[in-house]
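Subject: Handing over the structure

Dear colleague,

I am passing on to you the structure that I have been reading through, and I have written my notes out below. Please keep the structure open beside this message, so that you can look up each place as it is named.

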Amino acid sequence: MGESLLKAVNIYKSFVGVEALKNVTFEIKPGEIHCLAGENGSGKSTLIKIISGVYTPDAGYMEFEGKRFSKITPIDAIKNGIQVIYQDFSIFPNLTVMENLAFNSELADRRKLVNHKRMRQIAEEAIAKIDFKVDLDAIVGNLSVAEKQMIAISRALIFNTKLIIMDEPTTALTRREVSNLFKIILRLKEMGIAILFVSHKLNEVFEISENFTILRSGERVASGSTSDLDAKKFTYYMTGREFQVHRFEYEKVKEEPIFSVDKIGIEGSFSNISFDVHSGEIVGITGLLDSGRTELGLALFGIKPIEEGEIKMRGKRIKLTNPRRAIHNKIGYLPEDRLSEGLFLSQSIGDNIVISEIDNLSKAFGILDRKQRRDEIKQWVKNLAIATPNPANACQTLSGGNQQRVVLAKWLACDLDLLILNGPTVGVDIGSKHDIHSILQDLAKRGMGLIIISDDLPEVLENCSRILVLKNGQVVGDMLASESDEKKILSYMM
Amino acid sequence: MKNRLKKLTSRNEPYIFLVLLAVCILIEIRSGQFFSPNNLVDIASAMIVPGLMAIGAFMVIVSGGIDVSFPALASLSFYATTKLLLDHNYQGGVVLPFLIAIGFGALLGAFNGLFISYFKLPTLIVTLGSSSVFKGLMQGALNSRQLAVIPTGMREWGKKALFVAKNPVSGLTSRMPVAFLVFLFALVFAFFLLRFTMFGRGIYAIGGSEVSAERAGFRVVLTKFLLYIMVGMIASVAGLIRVCMMQQAHPTNMLGMEMNIIAGVVLGGTAITGGRGTLLGCMLGTLLIVIVENSLILIGIPTSWKSVFTGALIIIGTGVSAYQVMHQGKTRSSKGKKQEVAQ
Amino acid sequence: MNKKRNKLVVDRHMFRLIVMIVAWMIFIAFTRFRKFYNLVNFQTMAAQFPEFGLMSLGVMLTMITGGIDLSVVGNANLTSILMAYLLINMTDVAGAIPPYAIPLVFFLAILIGATLGIFNGLLVSKAHIPPILATLGSGELYTGICMALTKGNAVSKFSRTYATTINNRLFGLIPVQLIIFTIMALLVWFLLSRTVFGTKIYMLGTSATAAKFSGLKTDTLLIKTYLLSGIVAALGGMIMLANYNSARADYGTVYTLQCVLIVVLGGVNPVGGKGKISGVILAIVLLRMLETGLNRFPKISSYYISLIWGGVLILVMVLNFFTENKRVRRKG
């Protein structure tokens with residue numbers, strides 16, 4: 001056993017009676033790539049905040065390179081070489097790359113005046129450490145997500161850094177960018193820097209990390225070497241449950257499709273795409289982040305209208321120029337970003353459910369039929385088992401999985417023929433994910449047509465009958481789910 | 001070279017400058033009076049008070065806030081200062097009045113700053129409330145009324161001219177007030193502060209992302225607190241200058257100018273959402289409003305039309321920049337897409 | 001049962017306003033009972049507040065959508081000036097106006113207000129100008145047109161019949177101004193809480209993006225909201241026309257910030273998506289009572305009222321800050 005870089009021993013932390021961490025012990029060695037996993041509310045972010053000095057533990061202690069601390073401040077943490085890269089990267093979109101890179105250390109040195117020459121030097125050294133090429137005078141808001149992340153990483157390296165904590169770093173990256181990030185992580189490892197990688201994406205955990213720690217309900221349920229871990233165990237540790245996988249089976253009932261697109265395209269996004277969706281069928285569309293899959297979804301819902309080709313609903317040609325047209329033609333869209341596009345977080349669960357069908361809940365002159373509204377809400381809360389004591393509560397009181405059910409309920413309430421789902425289980429607990437899958441399969445059995453856009457291959461394979469693979473805006477693979485596997489899909493995707 | 005040109009066209013200042021130039025030339029063609037020495041001096045002197053106010057309003061907007069209280073703040077502080085000095089039959093120079101006004105300004109600014117930085121209340125609400133409070137203090141507690149006589153020192157200083165410009169044709173003369181130097185000094189000071197101090201960069205950083213600023217180690221609460229104190233001081237100086245230049249203290253005639261000042265700042269390309277904008281643009285925008293307000297008479301448009309023009313200017317100016325933002329967003333995203341696809 | 005409890009929590013803000021009103025009323029009862037608690041005093045108050053009360057309704061509606069309307073005063077003045085000109089034309093030598101004149105001017109005022117409101121709506125929805133700037137500009141523009149039309153002079157010399165009619169009291173008891181305000185307030189209440197439109201604008205104010213993805217016609221909703229704001233502002237202008245018996249470009253200039261203050265004090269969130277008409281009405285009542293009550297103390301300058309207004313606003317916000325923070329901490 002080598003000397004550990006950081007040890008958090010028997011940590012307890014509670015917030016007004018709720019125990020967020022119970023007797024958690026965590027250890028990381030110099031140059032180790034360690035994955036911290038757990039569902040929402042498992043205590044991962046509390047643990048990170050304790051390590052970085054934002055929270056003080058109620059009991060337990062920390063050891064940094066053998067030195068024992070009962071509590072540390074954020075400044076102590078930085079002095080001891082701990083850097084956190086948050087999901088939003090903590091950048092200033094309105095300022096230049098140089099300023100973004102140099103501010104932290106200038107402030108740490110308590111400088112009062114700006115010295116452009118020194119700041120440029122700091123910035124240049126920072127990006128040189130990971131060979132990151134960027135115009136130092138560019139405004140950060142104009143850069144890509146991956147570039148912003150590189151800025152955050154290079155900035156973390158300015159200090160005498162020994163441990164970098166990355167909070168879900170791959171969320172908004174394309175495949176290529178992820179592999180680039182992993183290369184940099186390996187490089188940091190060579191420099192002797194330990195990486196604590198927070199993620200719940202199974203494949204990434206396996207691909208990059210050497211060791212793992214899994215938290216559940218504030219307790220450490222498992223830790224050890226990643227090589228001893230497999231998908232089934234991982235799921236079990238995360239949720240404490242075992243799941244039976246139901247593969248979706250589709251039997252064609254009718255020959256005519258309910259929905260078909262013919263050679264549609266938008267310049268710069270995708271082109272020449274044709275496919276049909278039958279009643280009771282679930283079509284999967286997969287591809288990398290930059291494959292045009294999201295643009296396709298937006299086009300089919302009328303947010304980014306198509307420029308060429310035609311769309312037919314039950315054999316009749318339709319023009320989808322805005323979301324209202326789409327809804328009118330019985331098409332719904334569950335957006336990629338649930339929090340900003342799907343939900344009105346501070347409004348009631350009830351209003352979130354009925355908002356899209358609200359015109360049907362009125363008597364004359366747009367006057368609400370309050371009884372009908374109430375009944376409708378009650379029915380959907382019950383049908384989709386949305387866990388809330390009261391549908392008048394704000395939507396933000398719900399967990400991710402329940403929030404996603406609210407968005408689903410909104411569309412089901414509209415009595416649709418076709419539902420397009422973009423990333424239906426992103427950021428959703430494994431338990432809820434499973435439930436949502438069975439809801440989707442059930443909907444298809446009752447005759448709805450579904451399109452699932454997702455890069456979660458097991459999800460696509462499990463729930464779809466047919467899979468289209470997109471690459472650079474073109475369909476490069478079209479197969480039955482029963483005749484394919486992850487490897488085959490990947491070979492088309494890359 | 002091409003890069004530099006691109007950078008120039010993506011900025012706001014050149015456009016404002018061109019509009020400004022066009023307006024000036026238009027007025028010159030119609031009247032032949034615009035570029036006469038006395039008119040230019042008149043405009044410069046009309047620019048002093050709004051210019052100072054705009055510096056303060058600009059810094060607040062850059063930090064992501066909005067301040068509607070500065071005219072009330074300035075009025076209270078210049079009125080209290082003048083009254084205090086008159087009551088003590090002050091006969092000295094102009095330095096003490098300014099020091100007192102700056103002191104009041106700092107105090108009142110701290111009142112804003114306390115609620116905004118420590119309690120983290122929305123700036124619009126706090127400054128709405130405080131402008132009402134300041135007005136109440138002035139009109140209620142100090143029982144304000146127009147002061148036709150002001151201390152000698154202030155009166156003398158207000159009349160002092162750097163130089164006198166004479167129109168060779170009409171023979172009209174205009175004085176360039178010494179106060180213009182104060183404006184220039186404040187401008188240079190603000191420029192230096194925003195550009196070369198960590199405090200100033202902190203204002204931009206907070207306007208860009210308050211959370212990031214906190215994490216980077218900026219002392220956000222302190223920065224904002226000091227910012228509002230400073231804005232209070234600048235506004236008070238502007239108020240006192242106005243009193244000196246007008247040779248009398250009229251407690252209410254500055255009230256209501258906040259909206260035009262903010263309009264000038266925003267016309268100059270400062271993002272109302274914070275974080276973006278330059279002092280140069282801010283000054284150009286303010287100058288544009290000042291010229292429209294002061295020079296319409298030269299082209300035979302009655303002054304009663306002034307608001308029509310400022311209103312139209314605000315709508316068109318902000319409309320154009322809203323269009324620019326949308327357009328930029330579009331080209332940027334489609335360009336970004338193409339690059340990704342090309343990889 | 002559950003629902004009720006929830007409502008109680010939400011309305012803590014309103015509870016605070018009620019407590020303040022009651023406390024002030026008790027204080028006045030002990031100090032100036034006879035001067036305050038009489039019919040005439042209440043009638044006067046009821047005739048005074050509708051002019052800015054109506055404008056506040058407009059500001060509130062737009063604030064619920066996440067915007068603001070700073071043009072209400074400009075709109076009110078432009079409408080009242082135009083209608084004053086019309087009334088002058090309809091006034092005969094004897095100083096009388098035909099019986100249809102008053103309904104006609106009100107009808108036209110609503111049309112003008114709606115048009116000016118739609119202009120704002122277009123600037124905000126189609127031209128994508130931030131509402132605070134768009135309405136700042138349009139307000140300036142409307143005021144400018146007023147100035148250009150009147151050269152800054154008051155427009156009067158129309159039949160007194162208009163002012164006397166509006167200053168009348170129904171059954172000799174209820175001022176007509178109050179009736180107009182009540183009708184509009186009820187209408188706005190009904191729109192917000194009982195119609196599809198109301199639900200939609202709350203949702204739009206919460207998240208414009210989510211509204212788009214839910215298939216709402218966001219542009220139309222915004223235009224309708226600013227249109228409504230324009231109508232109530234114009235009606236406010238018509239009441240000003242009666243109360244002053246004249247119209248002028250700079251009447252009511254203090255109302256702009258006063259309306260914003262009332263609406264915020266009434267618990268409407270400036271970011272959008274939240275706010276009730278009951279809160280706004282309580283805020284109007286509170287401020288009117290404070291001002292009138294204060295006037296009953298001749299020794300105290302009436303100018304203190306603006307000090308109190310600002311103080312109350314900041315106090316309420318600070319109280320909200322402490323309670324909100326506590327709740328957040330408990331949740332965290």
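In chain B, strand S1 (residues 161-166) and strand S2 (residues 173-177) run antiparallel and are joined by 5 bridges. Please bear in mind, here and throughout, that this is a predicted model. Within this pair, Phe163(B) has Met176(B) of S2(B) standing opposite. The two strands S1(B) and S2(B) make up a hairpin with 6 residues between them, and in the turn Gly171(B) has a positive phi of about 80 degrees. As general background, the strands of a sheet pair through backbone hydrogen bonds, and the pairing is either parallel or antiparallel.

Also in chain B is helix H13 (residues 279-295), whose 17 residues should span 24 Å at 1.5 Å a residue, and this agrees with the 23 Å between its end C-alpha atoms. H13(B) is largely enclosed by the rest of the structure, because 14 of its 17 residues are buried.

Chain A holds an open sheet of 6 strands with mixed pairing, in the order S6-S7-S8-S3-S9-S10. Its edge strands, each of which pairs on one side only, are strand S6 (82-85) and strand S10 (219-225) of chain A. From one strand to the next the twist averages 15 degrees. Within this sheet, strand S3 (residues 33-38) and strand S8 (residues 194-198) of chain A run parallel and are joined by 4 bridges, and Cys35(A) has Phe197(A) as its bridge partner in S8(A). Helix H1 (residues 44-51) of chain A packs on the sheet, where it touches S3, S6, S7, S8 and S9 of chain A, and its direction makes about 150 degrees with that of S7(A).

Turning to the nonpolar residues, the largest nonpolar core has 344 residues, and of these Ile420(A) and Met55(C) touch the most other members. If neighbours within four places in sequence are left aside, the contacts of Met55(C) include Val72(C), Val73(C), Ala76(C), Val232(C) and Tyr255(C).

Lastly, in chain C, is Thr115(C) buried, partly exposed or exposed? Thr115(C), which lies in helix H6 (residues 101-125) of chain C, has 15 other C-beta atoms within 10 Å, and therefore counts as partly exposed, since a buried residue would need 20 or more and an exposed one would have 12 or fewer. The C-alpha atoms of Thr115(C) and Ile180(C) are separated by 20 Å, and these two residues are 65 residues apart along the chain.

With best wishes

Technical notes:
Residues numbered from 1 in each chain as written. Chains lettered and ligands numbered in written order. Predicted model: local features only at pLDDT ≥ 70, side-chain atom pairs only at ≥ 80, totals over all residues. Core = buried A, V, L, I, M, F, W, Y, C linked by C-beta atoms within 7 Å. Contact = placed C-beta atoms within 7 Å. Pairing = 2+ DSSP bridges. Axes fitted to C-alpha atoms, helices over the stretch in contact; angles between N-to-C directions. Expected span 1.5 Å × (residues − 1).
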